[in-house]
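Let's take a stroll through a protein model together. Have a look at the picture first, then read on.

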Amino acid sequence: DGKIVLKESENEANGDMNGVEAKKAKKRDPVDIELDVVLGKMPRKEFKMNRIKPTLLPLQLDPKLTVREALERVLRLPSVASKRYLTNKVDRSVTGLIAQQQCVGPLHTPVADVAVTSLSYIGALGAATAIGEQPIKMLVDPCAGARMCLGEALTNLIFAQITELKDIKCSANWMWPAKLPGEGVALYDACRAVCDAMTSLGVAIDGGKDSLSMAARVSDETVKAPGSLVVSVYAPCPDITATVTPDLKNFEGKGSILYVKLDKEHCRLGGSALAQVFNQIGDVSPDLDEPEMLSKCFAVTQDLMSKRVISSGHDVSDGGLITTLLEMAFSGNCGISIDIKSSEIVRPNEDVNMALYLLFGEELGIVLEVLDENVNTVCQAYTEAGLICNKIGYTGIPGQEGIIKVSVNDGVVLKDKMTSLRDVWEATSFQLARLQSNPKCVVVEESNLSTRKAPPYSLSFTPSKTSLRSDEESNRPKVAVIREEGSNGDREMSASLLQVGFEVWDVNMQDICTGQVTLDKFRGIVFVGGFSFADVLGSAKGWAAVSLFNEVCQRELSVFLARKDTFSLGVCNGCQLMGLLGWVGNDSTMAESNNQQGVCFTHNESECFESRFVTVSIQSSDAVMLRGMGGSTMGVWVSHGEGRAQFKNENILNDVLDRNLAPIRYVDDDGAVTMKYPLNPNGSPSGIAALCSDDGRHLAMMPHPERCTMLWQWPWMPEEWKSLECSPWLKMFQNAFDWCNEM
């Protein structure tokens, strides 16, 4: 009714406020204002928009252009090329709730379609999110481009198990020079088109951000940004373990490759990566012509995923079908053999180079890997839904001998080593990496990538779950998870300790410094990872200063260290702290002190932050938390910028190695201790990833075992490990619990 009215609560209206009777009941609403008074007389603004038809030219390609020549350009295009230079410099494991991040496969190749996070450390419920953006196609046709943004987002999200299509919500971010001639109406048309497509699919937008002044005046010239849309989709995920990744997993012909296409009518190259690398955009863009076909594809794929018959999957997007196939091979580190019959995929057209149109066309679709015995079942499911699904090839041999062979209509159009093509795809990323990290490290990683193979994981023990313990047990050992301002690894650490039965206390350094919490009741303390005081003084130096120069805190830590019934663990920032305090790697030559600092952790040799899933070997040692784990080789997360162990002198390093006080070491793909980047992510001497005290009670490590105590937290593991009862890293915490009960 054109008013803003604030109503009283029922209690207030009856004169009862917090149990006290009001002296006089109010008869009027506290706020009752005409909307015009608030807003004033706002003049209606009129926009006069005229459609301006763009001048578009058909795509012109050299008739002699080969697939290999085209790939040489397309695979280097930033939108198609590897994003490795981006993914390794952000923390991809923080919180321990990340079930699917950007990288997949044994070499952690950045080609994941969808992000999946868990809602908690218990159970398999979570959320999935993906994005879609097609800026070049929007130059050709804003309406088609907008629909393709939505289509790409959904064909990315399709590989996470979600509840229902109707549960998907979207965020749409529009960037447009809407006030310029022809642009406002183009924006309106694009918005109308994507809204109609969403209505057909049953998904909705519940938020977004608009930047509608994407133009600037430079001298006498107006410079505008092309109109673009980024669609982010997200939905509840009932099973975070059911996510399908692009990396091929069944080698030497055991995996069949299927191509699912939404229609048989089109194979359009307008706005494609192929057009872009030849300085063209074309005149006809791919489009989401029939949203209901995408809806059917989504439903069938989700059903097949729930039955666990899809081994791998990847969407067709930038770079076309050939890029999708290559990325699956690159991430699986294997070859493929592809044979495509154009008549099965698109209607005949003798006027075009069919190989280029089939392989580089970016029509919506997905590529799947399934075991050979499941091919008929999968193809039938899609065919019955009215979709095109054909077997187009099979997997090849793994490693550097893998060959990419592609035939179209029985003619071989591409045959090359997988590693050679991957080197082209990775080249742009490595060029950009040279600008932001130590070029010497980049050269080493690039030159060795072609010889990489799946890491040699092995276990010297059988992981087993901890028997359930009652929270009311009075004799559970207490552990203090200690954090400082800037710490961020406390929750996943607490979850790991709780899994094995500890009574976990969240303790802030301020609690200790003020005497509110004492350490006498704790059997263990854990210094967690993060960036204490933002590491502005250097890694953990602010934290160490508080520990050493606050008398109350220094006394509490000294008494705890002297007790023989205690243990401690420091991870990442906590590891750096324990080195500074002299709890590990101490200088035993200094007679006046038992914990004289002998080591610090300084900047990585790469000169940048490293977030990687590396391979480590557990050595024989007296480390309490690693009992029974010696001889095992497995993966673990690292996330640090200052992880290189730097010893005061060579004698301390030799003493540490001679007395087996470096119980965890970085190893290469053959299981040998390594200094080679990025297998050793920071350049620590002798591959040192952890240090322990003389008696083994105190352990400091740069890797994050607390982010690997559940199998779904691992970004990759051998297929046979997926049947393990629990994560091997859980044994670390089980060992600590058992040791406490033995003492």
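Here is a short tour, from the whole chain down to a few single residues.

**The whole chain**

Keep in mind that this is a predicted model. The protein chain folds into 21 helices and 30 strands. Its radius of gyration is 30 Å, close to the 27 Å that the globule rule gives for 743 residues, so the chain is as compact as a globular protein of that length. If you drew a box around the C-alpha atoms along the principal axes, it would come to roughly 90 × 85 × 60 Å.

What share of the residues is tucked away? Of the 743 residues, 55% count as buried. Now think about who touches whom: among contacts with a separation of 6 or more, 79% are between residues 24 or more positions apart.

On the outside, the protein chain exposes about 32,400 Å², and carbon and sulfur atoms supply 51% of that area. As for charge, there are 72 positive and 95 negative side chains. The centres of those two sets lie 2 Å apart.

**An annotated stretch**

An unreviewed UniProt entry labels residues 82–236 as "domain: FGAR-AT PurM N-terminal-like". In the model, this stretch is 29% helix and 30% strand. The C-alpha atoms at its two ends are 29 Å apart.

**Some backbone details**

Which peptide bond is cis? The one from Tyr677 to Pro678, where omega is near 0°. Pro678 sits in the loop that runs between strand 28 (664–666) and strand 29 (690–692).

Two other spots to look up are Glu252 and Asp535. Glu252 has a phi near 55°, which is a positive value in a residue other than glycine. Asp535 also has a positive phi, near 55°, and it too is a residue other than glycine. Here is where to find them:

| Residue | Phi | Loop location |
|---|---|---|
| Glu252 | near 55° | between strand 12 (228–237) and strand 13 (255–261) |
| Asp535 | near 55° | between strand 22 (524–527) and helix 17 (541–549) |

So are these two residues buried or exposed? Glu252 has a relative accessibility of 55%, and because exposed means over 50%, Glu252 counts as exposed. Asp535 has a relative accessible area of 15%, and since buried means under 20%, Asp535 is buried. Try finding both loops in the picture and see where each residue ends up.

Conventions: Residues numbered from 1 in each chain as written. Predicted model: local features only at pLDDT ≥ 70, side-chain atom pairs only at ≥ 80, totals over all residues. Heavy atoms only, no water. Helix = DSSP H or I, 4+ residues; strand = E, 2+ residues; numbered from the N terminus. Rg over C-alpha atoms; globule rule 2.2 N^0.38 Å. Buried < 20%, exposed > 50% of the residue type's maximum accessible area, 1.4 Å probe, protein only. Contact = heavy atoms within 4.5 Å. Areas by Shrake-Rupley, 256 points an atom, 1.4 Å probe, with all protein chains shown as cover. Lys, Arg positive; Asp, Glu negative; His and termini not counted. Charge placed at Lys NZ, Arg CZ, Asp CG, Glu CD. UniProt positions renumbered as here; feature names shortened; annotations may be inferred.
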